[in-house]
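Visitor: Please guide me through this structure by question and answer. I should like each term explained once as it arises.

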Number of protein chains: 2
Amino acid sequence: MAAPVFNTNTDSMPPNPDLQKERENASFNVKELTHILDGGPEKTRRRKELEKLILSDPAFSSKDLLYLNRSEEYENAALRSVRLVEWSKKYQWSEEDFATAAQQINNSAEAITLHKDMFIPALERLTSEEQKAKWLPLALNYKIIGTYAQTELGHGTNLRNLETTATFDPSTDEFVLNTPKITSMKWWPGSLGKSSNHAVVLAQLIINGKGYGLQPFMVQLRSLEDHMPLPGISLGVIGPKMAVNYNDNGFLILSKVRIPRENMLMGNAMVTRDGQFKQLKSDKSNYSTMMYVRVLITRWSYGVLAASAMTAIRYSAVRRQLYIDPKGGEVQILDYQTQQYKLFPAVATAFAMFFTSQKMLADYYRVLPSLIKGDKELLAEYHSLTSALKAICSDYATDHIDVLRKSLGGHGFMMSAAIPRFMLSALTLVTVEGDNTVLYQQTARYLLKQVALAASQGKLTGSASYLGQNLDNVRQIETPEDCRDIHLLLQVYQKMSQRILIRAGGLLQADLMEGKPEYEAWIKHQVTLVNAAKAFSLMHLVRCNVEALDELRQSASSELVLVLHRLCCLFALYYLDLNSGMFMQVGAISPDQLDTIKAVEMQLLSEIRPDAVALADSPDIPDECHKSVLGCYDGNVYERMYAAALADPMNKTQVHPSYHKYLRGITKSISSKL
Amino acid sequence: MAAPVFNTNTDSMPPNPDLQKERENASFNVKELTHILDGGPEKTRRRKELEKLILSDPAFSSKDLLYLNRSEEYENAALRSVRLVEWSKKYQWSEEDFATAAQQINNSAEAITLHKDMFIPALERLTSEEQKAKWLPLALNYKIIGTYAQTELGHGTNLRNLETTATFDPSTDEFVLNTPKITSMKWWPGSLGKSSNHAVVLAQLIINGKGYGLQPFMVQLRSLEDHMPLPGISLGVIGPKMAVNYNDNGFLILSKVRIPRENMLMGNAMVTRDGQFKQLKSDKSNYSTMMYVRVLITRWSYGVLAASAMTAIRYSAVRRQLYIDPKGGEVQILDYQTQQYKLFPAVATAFAMFFTSQKMLADYYRVLPSLIKGDKELLAEYHSLTSALKAICSDYATDHIDVLRKSLGGHGFMMSAAIPRFMLSALTLVTVEGDNTVLYQQTARYLLKQVALAASQGKLTGSASYLGQNLDNVRQIETPEDCRDIHLLLQVYQKMSQRILIRAGGLLQADLMEGKPEYEAWIKHQVTLVNAAKAFSLMHLVRCNVEALDELRQSASSELVLVLHRLCCLFALYYLDLNSGMFMQVGAISPDQLDTIKAVEMQLLSEIRPDAVALADSPDIPDECHKSVLGCYDGNVYERMYAAALADPMNKTQVHPSYHKYLRGITKSISSKL
């Protein structure tokens with residue numbers, strides 16, 4: 001390929017003047033917000049330190065990642081995994097350091113993420129003390145690399161019906177692990193196809209022909225000498241996916257594989273030498289890890305949405321197109337109300353998710369000791385809350401990122417824009433760790449119990465306590481000022497959510513009174529129940545945002561509080577507007593209030609406008625990690641797009657090799673000039 | 001890789017019994033519906049004939065397409081293009097044959113689509129008779145391969161500000177085409193980077209320093225001898241995209257490239273030897289092609305949504321998971337109301353789009369002669385209608401496909417499921433041929449004029465005539481029967497749309513009365529105006545669906561009409577429910593009606609349930625074209641998933657080559673058995 005016709009050396013270029021002006025005109029100090037997002041100035045410093053280390057290594061610079069095939073992507077991910085492990089040993093990283101570092105390399109594009117995320121936690125939670133002493137050091141020192149093999153081809157959501165069997169053979173004191181039919185093969189576990197040499201395999205325990213439910217077993221998959229699969233083990237990758245192709249999500253077929261009895265993870269239950277099954281602890285204690293991962297997903301939803309907003313807002317400040325005043329020049333597309341309506345609710349949602357995930361994480365650590373002790377009420381409440389939040393945050397993240405991507409026009413379709421990658425990685429959050437529709441129903445079940453409890457006892461505690469309050473006298477939204485009263489907005493949300501739940505409960509009740517079995521009534525109102533859980537989840541996002549703002553008022557600058565207050569109002573009003581029918585149906589607002597609500601919503605867009613770029617900047621993701629030609633910090637987007645195109649291997653030759661094979665044939669027999 | 005552990009030979013397997021039972025229990029004859037979708041039994045026959053021909057050629061069987069890199073994908077697309085051209089010559093295909101054939105090969109994965117879709121139509125519309133005689137035969141016989149180069153890196157929506165220049169040089173009787181700066185390079189045109197040797201280039205005509213606006217020029221890009229770019233021409237592909245990577249979307253930089261004066265396309269305007277510019281015809285006549293493409297997009301939106309629904313419904317009939325009755329067995333996920341609520345509105349929307357695109361296409365051909373003659377009123381109406389329909393159909397298709405994909409759980413994330421491919425290809429429809437937000441505003445502008453006209457004249461004609469009617473006395477929806485009265489539902493939609501538009505007009509008017517310039521008032525209410533246009537577009541979808549059903553009542557069987565009537569009701573009620581706040585705001589429904597509406601909506605889901613698979617079958621896409629392991633006709637999905645995984649090149653070796661390079665390093669120094 002010839003030299004570029006236009007200069008693409010962005011290092012020697014001044015930044016885009018529009019973007020510079022935006023930054024100068026921001027009403028608050030971006031660093032203050034960055035510190036809040038990092039968890040304090042010291043954590044910001046540490047993050048930047050780790051970023052610097054990571055970016056110093058060619059394994060992570062990966063300019064050409066776009067052109068790797070899947071096998072090369074996997075290889076690169078393996079290299080990254082190894083590098084992180086080496087560093088963590090060399091520099092004696094804390095767990096938090098490791099997580100921070102992994103976060104910076106963009107969607108943790110590693111090969112053996114399941115080792116740390118699932119395998120080691122399983123060894124910590126599910127083993128006996130003796131097993132812990134034996135396996136944990138091996139795993140922590142990467143002497144063995146493992147994954148967690150639960151989901152099967154035919155069963156994901158319905159764990160109880162997983163089909164892999166582990167049959168006790170008393171004659172040899174072994175378990176025989178088997179995949180009885182095609183639907184029973186393990187399917188999807190990350191790091192399974194190529195990377196792991198061990199797995200915790202979930203299987204139906206059978207002793208003397210009797211089933212004892214799902215139990216975890218340590219199974220060696222591959223030789224530690226040459227990494228070849230051991231006898232009876234068939235495994236591989238499951239094939240290309242929409243995204244996350246750097247990970248070797250795999251399948252596993254066990255053909256009567258024998259393992260010692262001691263390889264059953266015996267922390268919660270055990271099998272004795274003579275084939276006696278003993279339940280030692282409730283297996284509910286496992287739930288805490290599941291909750292933890294769901295809290296993390298709310299955090300990741302924030303992260304990928306914030307990264308997408310960074311791209312979309314910066315580009316919208318740089319891109320000029322069409323006119324507002326026909327006599328003026330072309331305007332920044334950030335100035336169009338329709339564009340603001342695509343961008344700013346996404347930013348408001350990102351912050352609402354951030355504050356919610358912060359609160360959820362703090363709550364999690366606060367209640368964890370009680371959960372482990374077996375506090376059933378708290379377990380039920382946090383199971384319901386984390387399910388709801390995982391579902392709504394992943395749903396909202398994907399919805400907003402889709403809108404953000406479309407807001408960039410054709411250029412948002414380019415892989416070099418990075419936002420397609422953010423979109424695809426957000427899509428994984430919707431499906432992993434529980435189907436959202438199933439999760440919402442679990443939350444609905446818990447909330448309806450609380451509604452019933454409130455009716456019989458009058459008073460509730462915890463996150464559902466508002467269901468026991470009399471909210472009939474909540475003031476109506478009347479004036480524009482009311483639309484900016486976040487405590488009033490929260491009350492309106494609570495009134496709506498309470499009434500929607502009571503209504504859903506009433507529908508169920510009416511069917512039960514008619515003699516319908518409960519399951520039939522449930523299925524008849526399934527959509528209503530899911531919607532009621534969604535309404536609760538939305539209310540909870542508003543609540544966490546309002547509470548966070550009340551706290552920030554004590555510590556943050558008034559300029560920043562003002563900006564975050566606007567975002568909080570916009571979040572509440574945007575979703576109120578979007579779901580206005582639901583609010584009206586239960587009388588939480590009336591149809592004539594909608595004009596005022598919409599007017600303030602639009603007013604907020606124009607108030608947020610001057611701070612949009614500063615808000616987008618606040619997560620402080622360096623270009624080298626963000627990797628978006630449209631979302632770069634200096635705004636020289638067109639030069640970067642051109643440079644990225646020139647780097648395409650298809651541009652290495654002027655004539656594509658296939659020309660001679662195909663196209664030439666249909667055009668031949670004509671002279672070179674018309 | 002070893003032999004499969006489980007049988008994957010689906011040819012010798014009986015079909016999935018659940019799916020078979022679904023087909024037996026359908027209430028209508030699928031073939032009748034297939035004929036309607038094809039346009040009659042004779043067209044079904046012809047389609048199948050062409051399908052058979054295509055599938056007989058290895059270029060189109062493409063089992064391993066998933067594993068091609070982009071360069072190989074492009075090469076395959078070039079081969080397909082050539083094959084279609086050869087066949088069309090050999091078998092003397094009609095235009096319709098060609099389109100049908102291209103449709104079957106799934107998203108027309110060809111390299112030179114722009115040649116037929118844009119280059120030839122441009123030559124037909126924009127040239128003088130002399131030019132037509134010279135260039136058309138060359139293009140029609142593929143002696144030259146062309147594309148249409150309009151969009152630039154810095155300008156897509158704002159055509160008037162395109163920056164490429166064509167300066168007349170009277171001394172040589174030539175135009176000098178030039179790309180003055182980086183933002184001016186042509187960027188995005190399909191088939192540009194590698195395939196085309198000619199392009200119609202849109203450039204700013206300059207004569208004697210004076211601008212004469214955008215004009216089209218025929219520019220040779222590559223040698224017809226060796227396909228090398230001609231001097232002064234720099235071109236290549238723009239880099240990887242989210243999808244459509246088989247096409248060589250390209251960039252083009254023109255460095256003072258000289259072309260003869262006769263190479264300006266002189267159908268609408270001309271430049272004489274002495275540099276006189278003459279406008280011959282209004283350039284509005286170009287609009288008809290734009291409208292045609294927009295109608296096609298409504299049709300493609302239907303196609304890709306129907307293909308996605310085929311996948312999702314068939315798999316939902318095969319997949320069993322969890323229980324409704326806890327004492328019963330696992331149920332087909334198609335039996336969950338929440339699943340039905342994801343699937344059936346998508347089907348209803350697909351049919352509404354189909355009927356609408358049918359009507360739009362018939363209307364287009366009916367009014368085309370008047371459009372060409374320059375009927376300005378009709379032009380404005382059809383410009384508004386086609387803009388609105390392109391926008392709403394592409395928006396709804398992507399929204400529904402996203403829901404359908406998620407409804408398949410993790411397996412919907414597999415590329416072998418095909419639905420990710422459908423989703424990505426639907427996303428292109430949102431962005432091409434006009435940004436939807438811009439299109440909605442064009443429609444809003446037209447409709448507000450009609451509102452004003454109705455206020456002054458009282459009576460309107462055409463698709464906006466309902467705006468002139470008194471709809472105050474439209475009956476309220478009260479009973480469940482009212483919810484199934486499609487003519488009443490249409491009236492409620494029209495009442496809503498009329499009032500929303502009048503309201504939006506009122507907001508604008510109030511600002512104008514206060515002395516605001518029109519553009520300022522517009523930008524202040526931009527979101528409201530876009531929403532008003534969306535409301536109209538939705539109403540028009542309902543209207544076309546209702547009208548189609550009224551016609552079908554004359555010709556179709558009563559069984560089929562009953563099923564299509566249910567879908568029509570569901571479509572209307574689903575979107576009424578989703579937008580209920582908007583209907584309530586203007587009093588088209590009241591909050592207390594929502595219970596009835598929701599109840600009937602749920603009732604319709606269970607009525608559609610027995611016909612779901614038959615409806616999914618009706619587009620009659622053979623497996624070989626559909627290429628979805630989850631959506632296959634016989635329902636042997638798990639065997640196909642396993643077979644697809646085994647075909648992954650990463651499974652050719654048991655140990656990935658990178659193991660020795662990376663992972664081994666961190667695991668070494670341990671014996672082979674724990």
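Visitor: How many salt bridges does the rule find across the interface of domain 1 of chain A and domain 3 of chain A?
Guide: This is a predicted model, in which local features need pLDDT of at least 70, side-chain atom pairs count only at pLDDT 80 or more, and totals for chains, interfaces and linings use all residues; side-chain values use heavy atoms, without hydrogens and water. Residues are numbered from 1 along each chain as its sequence is written, while chains are lettered from A and ligands numbered from 1 in the order in which they are written. A salt bridge is a side-chain nitrogen of Lys or Arg within 4 Å of a carboxyl oxygen of Asp or Glu. Across the interface of these two domains of chain A, the number found by that rule is one.

Visitor: Which side chain meets A:Glu22 in a salt bridge?
Guide: A:Glu22 belongs to the residues of domain 1 that, with A:Phe28 and A:Leu37, lose the most area to domain 3 of chain A. In the salt bridge, the N to O distance is 2.8 Å, and the partner of A:Glu22 is A:Arg609.

Visitor: What area do domain 1 of chain A and domain 3 of chain A bury between them?
Guide: Buried area is the accessible area (1.4 Å probe) that two parts lose on being put together, summed over both. Carbon and sulfur atoms carry 59% of the area between these domains of chain A, and the total is about 1800 Å².

Visitor: How many residues does the contact take from chain B?
Guide: Contact means heavy atoms within 4.5 Å. The contact takes 145 residues from chain A, and from chain B 145 residues.

Visitor: Why do the copies meet through the same surface?
Guide: The answer lies in comparing the interface residues of the two chains. The copies meet through the same surface because the share of interface residues of chain B that are also interface residues in chain A is 100%.

Visitor: What is the relation between chain B and chain A?
Guide: Copies are superposed by least squares on the C-alpha atoms of residues with pLDDT of at least 70 in both. Chain B can be laid on chain A by a turn of 180° and a shift of 0.0 Å along the axis, with an RMSD of 0.0 Å. That is the relation of a two-fold axis.

Visitor: Which residue of chain B comes closest to the rotation axis?
Guide: The distance is taken at the C-alpha atom. At 1.9 Å, the residue of chain B that comes closest is B:Gly581.

Visitor: Which residue forms a salt bridge with B:Arg503?
Guide: The rule finds six salt bridges across the interface of chain B and chain A. In the one with B:Arg503, the closest N and O atoms are 2.9 Å apart, and the partner is A:Asp595.

Visitor: What pLDDT does chain A average?
Guide: pLDDT is the predictor's confidence in each residue, from 0 to 100. In chain A, 97% of the residues score at least 70, and the average is 94.
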